[in-house]
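What follows is a guided reading of a single chain, taken from its sheet to the helices that pack around it. Please keep the sequence and the coordinates at hand while reading.

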Amino acid sequence: MPKKVILAVDAMGGDYGPSIVVKGADMARARSHDLEFVFFGQEERIQAELSRYSKLNKISRIVHTSEQILGTDKPSHALRRGRKSSMGLAISAVQEGEAHAAVSAGNTGALMAMSKFILRTLEGIDRPALGSLLPTRRGESIMLDLGANVEASAQALVQFAIMGAVFARTVFGSAKPTVALLNVGVEDLKGTEDLREAGQLLRDTPDLPLSFVGFAEGDNIGAGDVDVIVTDGFTGNIALKTAEGTAKLIADLMKRAFTTSIWSKIGYALARPGLTSLKDHLNPDNHNGAVFLGLNGLVVKSHGGAGAQGIATALSMAIDLARHDINERIAKDLSAVQSEPELAVAADR
C-alpha cells in the first residue's frame, strides 16, 4: 500500500479540459492526503488553472505535450499516433512506475485500447473489463463489463466475477461479496450458452472469494440486491445508458410536475428536502469513475461530461484503489482459483 499516491492525470480529456480537471483535482486533494499530481497536456493552459489553487499547485507538476486524443478519434488512430498525447503519456507514467494510477475523461475506446497495449493484462486475464459503481435502492452496486468487450466467453465472465468481487471488497469492505450474472431470467436454463456455462462454473468451483447467487434480471440492477452484477460489455453499456436516461427522465418529469400550478409549487416546497436527497443519490457526478480491471496498472475513466465534482469522485476512486493495491488482490485471487480443474478445463476451450 503506497504511502503517497501519485496520480497521472490527462488534463486535456473530457468536454471541458484543464479548467474542470484541475478544479476537480483540488477537490480530491482536500479529501485525501499524501498526494502528488502529474498533469499531462498543454502547460500554459494547465498552469493558468493551477495558479488558482495554491495548495494543489505545491503538490503538482506538469508534463507538456501539445498532442491530445479527440473524442472523435478511433482507437486504431490512438494506437498509431497517440503515444505522445496527454492520454498516452499518462498511461505510460503508470507503466514506467512514475505514477500509481492514470485518470482520464477522454475517449473511452482510445483509453481502453491504449491502456491494454501499454500496460498489458494481468496473468490469467483474457480480457480487461470496465467496472463502475451504480446507485441503487440500497446504496451502490458494481457492474461490469460496461463496454470494454462486445462479447464475453464463459471463462471471461468468470474472470469478470472474480475481479468485480475484489473491487467490491475494496470499496464496500465486504468479506465475501455477492455476485450475479445478468440474464433474461433467473432460471438455470435461461440465457446464452456462455452465460449458462459461466453460471455452472461459478456454482461448481469451491473456495471462490465470492458468493455467487445465480442469475439476475434487469430490474435487479437498481434494487441493489447483490454487490456485483456481471455481464458482457455490449449488454452492460446498454443497461448503463438506459439507467442514466431513465434517471434524467424521472428528473425532468418531476420538475415538470412541480411547476404546473401554484399547488404543485407548494408541494415542491414541502417535499424539497427529500427531493434534494434523491437528486444527490442519482447525481452521476457522485458515482463517477469506471476502472479498467485486469490490467498491469491502474486506469480510471471519468465521464467526458463530468463536472468538477465528478472529476474529484473519479480521482478519489483512483486514490482508494491504489492505496488498497487492487491489482495485487486480483492477481492473488486469480492465482488461488487457477488450479481449480473446472476453470482450467474452461480456459483450454
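A convenient place to enter this predicted model is aspartate 145, which is found in the loop between strand 6 and helix 7. The peptide bond that leads into this residue from leucine 144 is cis, with omega near 5°. A second backbone feature appears at aspartate 34, in the loop between helix 1 and strand 2 (35-41), where phi is near 50°, a positive value in a residue other than glycine. Both features deserve attention because most residues other than glycine have a negative phi, and most peptide bonds are trans.

Before going further, the confidence of the prediction should be kept in mind. The mean pLDDT of the chain is 86, and 90% of its residues reach 70 or more. Among the elements of the chain, strand 4 (residues 101-104) has the highest mean pLDDT, at 96, whereas helix 13 (residues 341-347) has the lowest, at 52.

The sheet comes next. Eleven strands form an open sheet with mixed pairing, and their order across it is 3-2-1-4-11-10-5-6-9-7-8. The edges are taken by strand 3 (60-64) and strand 8 (211-216), each of which has a single partner strand, so that one side of each is left without a neighbour in the sheet. On average, and with direction ignored, neighbouring strands of this sheet are turned by 25° against each other.

Within this order, strand 6 (residues 139-144) and strand 9 (residues 228-230) pair in the parallel sense over three bridges. Leucine 144, the residue from which the cis peptide bond runs to aspartate 145, stands opposite valine 230 in strand 9. Helix 7 (residues 154-172) packs on the sheet, where it touches strand 5, strand 6, strand 7 (178-182), strand 9 and strand 10, and its direction makes about 150° with that of strand 6. Another helix that meets the strands is helix 6 (residues 108-119), which lies across strand 4, strand 5 (129-136), strand 10 (290-293) and strand 11 (298-301), and which runs at about 180° to strand 11.

The remaining step concerns how helices meet one another. Two packed helices are described by the angle between their axes and the distance between the axes. For helix 7 and helix 8 (residues 193-204), the angle is about 50° and the axes are 8 Å apart, which makes helix 7 oblique to helix 8. The crossing of these two helices is right-handed. On the side of helix 7 the contact is made by Ala154, Leu157, Val158 and Ala161, which meet Asp194, Leu195, Glu197, Ala198, Leu201 and Leu202 in helix 8. Sorted by class, this contact has eight nonpolar residues, no polar residues and two charged ones.

Helix 1 (residues 18-31) takes part in two such packings, of which the one with helix 11 (residues 308-323) has an angle of about 55° and axes 7 Å apart. Helix 1 and helix 11 are therefore oblique to each other, and their crossing is right-handed. In helix 1 the residues Ile20, Val21, Lys23, Gly24, Ala25, Met27, Ala28 and Arg31 meet Ala308, Gln309, Ile311, Ala312, Thr313, Leu315 and Ser316 in helix 11. The contact of helix 1 with helix 11 comprises nine nonpolar, four polar and two charged residues.

The other partner of helix 1 is helix 2 (residues 43-50), packed at an angle of about 45° with the axes 9 Å apart, an arrangement that makes helix 1 oblique to helix 2. Here, too, the crossing is right-handed. Pro18, Ser19 and Val22 of helix 1 make this contact with Arg45, Ile46, Glu49 and Leu50 of helix 2, and the residues of the contact divide into four nonpolar, one polar and two charged.

Terms used:
Residues numbered from 1 in each chain as written. Predicted model: local features only at pLDDT ≥ 70, side-chain atom pairs only at ≥ 80, totals over all residues. Heavy atoms only, no water. Axes fitted to C-alpha atoms, helices over the stretch in contact; angles between N-to-C directions. Helix = DSSP H or I, 4+ residues; strand = E, 2+ residues; numbered from the N terminus. Parallel < 35°, antiparallel > 145°, perpendicular 65-115°, else oblique. Left-handed = near helix turned anticlockwise from the far one by under 90°. Contact = heavy atoms within 4.5 Å. Nonpolar A, V, L, I, M, F, W, Y, C, P; charged D, E, K, R; others polar. pLDDT = per-residue confidence, 0-100. Pairing = 2+ DSSP bridges.
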